[in-house]
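Open the model in your viewer and keep the sequence panel beside it. The stops below each begin with something to select.

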Amino acid sequence: MKKEVKDTIIVELGAKLKEYPHFYLVDTTGLNAGKTSELRRKCFKSEIKMVVVKNKLLHKAFEASDIDFEPLYGCLKGTTAVMFTNTANVPAKLLKEYAKDGTPSLKAAYAEESFFVGAERLEELASLKSKNELIADVVALLQSPAKNVVSALQSGANTIHGVLKTLGERPE
């Protein structure tokens with residue numbers, strides 16, 4: 001491969017590292033063409049950009065980045081595919097589907113500005129909540145006290161109404 005082509009690939013990888021806040025390094029060794037195509041289709045449906053890269057070129061893109069990706073350098077061995085995503089937990093959930101086969105397997109991930117190294121961290125990554133899930137949780141927590149107050153006021157009004165009605169119907 002010519003130096004100009006390598007430089008172009010490094011620049012493109014650097015642009016993707018800036019564009020996507022989360023990415024996973026995945027070992028795709030053992031996937032045949034059919035399984036690779038199936039994985040790519042699932043990635044496309046889940047809005048994941050999957051790119052198979054040369055480890056040296058990815059290493060150089062990491063070095064050129066503003067972020068220090070040094071904890072990931074040790075994972076750059078063998079066949080490496082990078083899954084770029086905007087939602088941190090989506091690739092982990094996709095990889096969990098393949099966990100019983102063992103292929104593809106997680107090497108490492110950079111999600112929520114943290115490093116996750118090793119396949120044993122897959123469960124932790126899958127349990128991360130997305131921004132929208134966190135917003136929904138906060139909204140639900142904020143609505144809960146208001147619902148309790150409204151419910152108490154409504155039940156109190158029914159109770160007072162019942163007492164007044166009973167008193168009004170009572171013979172004097």
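Begin by selecting V26 and L106: V26 stands opposite L106, which belongs to β4. This is a predicted model, and residue numbers count from 1 along the chain.

**The strands around β4**

Extend the selection to the whole of β1 and β4. These two strands pair in the antiparallel sense, over five bridges. Now add strand β5, residues 114-117, which runs antiparallel to β4 and is joined to it by four bridges. Within this second pairing, Y110 stands opposite F115 of β5. At the turn of the β4 and β5 hairpin, two residues lie between the strands, and E112 takes a positive phi near 50 degrees.

Is β4 enclosed or open to the outside? Six of its seven residues are buried, so β4 is largely enclosed by the rest of the structure.

**L95 and its contacts**

Next select L95, in helix α4. L95 is buried, as its relative accessible area is 2%, where the cut-off for buried is under 20%. Leaving aside residues up to four places away in sequence, L95 touches Y24, V26, M83, P104, L106 and L122. Both residues of the opening pair, V26 and L106, are among these contacts. Measure from L95 to L122 in the viewer: the C-alpha atoms are 7.9 Å apart, while the two residues are 27 places apart in sequence.

**The nonpolar cores**

Move on to M83. Not counting residues up to four places away in sequence, M83 touches H22, F23, Y24, V26, L39, C43, I48, K49, M50, P91, L94 and L95. M83 is also one of the residues with the most contacts inside the largest nonpolar core, along with Y24, L39 and L125. That core has 21 residues. To see where they come from, colour β1 (22-27), α2 (33-45), β3 (80-85), α4 (90-97), β4 (105-111) and α5 (122-126), each of which supplies at least two residues of this core. A second core, separate from this one, has 20 residues, including V51, L58, F62 and V82.

**The largest pocket**

Finally, select G14, L17, K18, S65 and I67. Of the 18 residues lining the largest pocket, these lie nearest its centre. The pocket has a volume of about 270 Å³. Two or more lining residues come from each of α1 (3-19), β1 and α3 (55-64). Which element gives the largest share of the lining? That is α1, with five residues. Colour the lining by residue type to end the tour: eleven residues are nonpolar, three polar and four charged.

Conventions. This is a predicted model: local features need pLDDT of at least 70, side-chain atom pairs count only at pLDDT 80 or more; totals for chains, interfaces and linings use all residues. Side-chain values use heavy atoms; hydrogens and water are left out. A nonpolar core is a set of buried Ala, Val, Leu, Ile, Met, Phe, Trp, Tyr and Cys residues joined through side-chain atoms within 4.5 Å. Buried means under 20% relative accessible area, exposed over 50%, partly exposed in between (1.4 Å probe, protein chains only). Contact means heavy atoms within 4.5 Å. Two strands pair if DSSP finds at least two bridges between them. On a 1 Å grid over the protein atoms alone, a cavity is a set of points where a 1.4 Å probe fits but cannot get out, and a pocket is an open set with protein on both sides within 12 Å along at least five of seven lines; lining residues have an atom within 4 Å of a point. Grid points are joined across faces, edges and corners, and a volume is the space filled by probe spheres set on the points. Ala, Val, Leu, Ile, Met, Phe, Trp, Tyr, Cys and Pro count as nonpolar, Asp, Glu, Lys and Arg as charged, and the others, Gly among them, as polar.
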